[in-house]
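Trainee: I would be grateful for a close look at one helix of this protein, together with the parts that surround it. Please define each term as you go, since I am new to the subject.

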Amino acid sequence: MTFRFMSYIVLALRLLAVASLAAPPKTYRYFGYGSNVLVSTMKALRRIEPIDATAAVLPDYELRFDGSEKSRLEPSAAFVRPAPGKQVHGVMYTLTADDFAKVGTTEGVPFGYRWKRCSVHTYVGDGEDAGSCSIKQTAPVDTMVLISPNLGDKHIPPSPSYLGLIKEGAKRWKFDRKYQEELEAVEEARNLIIPQGLSGILLQVAEAATGTARH
């Protein structure tokens, strides 16, 4: 009886092992905005290797810049907050569980940001209005988005290089023309120690160190 019982245990363990090997690894969808619209930011700076990346739009939210006016290096960063009728264009990444956790760690969750499940619409950018059209034409996709728990109402201008990375990503992904025009209208910080800010320099150094091409 004992031998038969042990045989059952061994068989059960083998079946569990086979099942765990057969089960696909868990993945997460993450909506990146700000400088994270550049894939090289994810790869070179955050050391994350996305499984997939595609342009996407987050409806009924707006892009804001918040931080510290006293900082003369990088005074602000991008955040999103609810705003009916508005849109934030970004990139939906598919990530492994480890890389998804790394996003939270490198972005300062839960202090600077917290996670929120939102619905986004994916699209292939055409530089005109493909993103806006996708809201009506494509099914929403559940995606994790970084939200600030303490976002103020005051706009704090970002450094030219930080805003420049966002604009560059918008052009590479061919975000909607209207959205790109809104980015062009964002006020930039002045009187910084390094006039352009540090964001562009840090990304260039990380790209050189890791051999990552800008994309």
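Mentor: The account below goes from the whole chain to helix α5, and then to the loop before it and the strands.

This is a predicted model, in which local features need pLDDT of at least 70 and side-chain atom pairs count only at pLDDT 80 or more, while totals for chains, interfaces and linings use all residues. Residues are numbered from 1 along each chain as its sequence is written, and side-chain values use heavy atoms, with hydrogens and water left out.

The protein has seven helices and five strands. These are DSSP runs numbered from the N terminus, helices being H or I of at least four residues and strands being E of at least two. In order from the N terminus, the elements read α-β-α-β-β-α-β-α-β-α-α-α. Of the 215 residues, 43% are buried; buried means under 20% relative accessible area, exposed means over 50%, and partly exposed lies in between, with a 1.4 Å probe and protein chains only. A contact is a pair of heavy atoms within 4.5 Å. Among contacts with a separation of 6 or more, 81% are between residues 24 or more positions apart.

Helix α5 covers residues 160–172. How does its length compare with the expected span? The rule is 1.5 Å times one less than the number of residues. For the 13 residues of α5 the expected span is therefore 18 Å, and the end C-alpha atoms are 18 Å apart, so the two agree. Just after the helix, Lys174 has a positive phi of about 55 degrees.

Which residues of α5 are buried? They are Pro160, Ser161, Tyr162, Leu163, Leu165, Ile166, Lys167, Gly169 and Ala170. As background to such a list, an α-helix has 3.6 residues a turn, so residues three or four places apart point the same way. The cover over the buried residues of α5 includes strand β2 (52–67), strand β3, helix α6 (177–184) and helix α7.

One of these partners, α7, deserves a closer view. Two packed helices are described by the angle between their axes and the distance between the axes. Axes here are lines fitted to C-alpha atoms, for helices over the stretch in contact, and angles run from 0 to 180 degrees between N-to-C directions. Helix α7 (residues 199–210) packs against α5 at about 65 degrees, with the axes 6 Å apart. On the α5 side, Ser161, Tyr162 and Leu165 meet Ser199, Gly200 and Leu203 of α7. This contact holds three nonpolar, three polar and no charged residues. In that classification Ala, Val, Leu, Ile, Met, Phe, Trp, Tyr, Cys and Pro are nonpolar, Asp, Glu, Lys and Arg are charged, and the others, Gly among them, are polar.

The loop between β5 and α5 includes Pro158. Pro158 counts as buried because its relative accessibility is 0%. Not counting residues up to four places away in sequence, Pro158 touches Phe65, Ser76, Leu163, Val186, Glu187, Glu188 and Ala189. Its C-alpha atom is 9.9 Å from that of Arg64, although 94 residues separate the two in sequence. Leu151 is also found in the loop between β5 and α5. Leaving aside neighbours within four places in sequence, Leu151 is in contact with Arg64, Asp66, Phe79, Val80 and Arg81.

The strands complete the picture. Five of them close into a barrel in the order β1-β3-β2-β4-β5, with mixed pairing; two strands pair if DSSP finds at least two bridges between them. From one strand to the next the twist averages 50 degrees. Strand β5 (residues 141–147) runs parallel to β1 (residues 27–32), joined by two bridges, and Met144 is the bridge partner of Tyr30. With β4, strand β5 pairs in the antiparallel sense over seven bridges; there Val120 stands opposite Val141. Strands β2 and β4 are antiparallel and share two bridges, and Val57 stands opposite His121. Strand β2 thus belongs both to the barrel and to the cover over the buried residues of α5.
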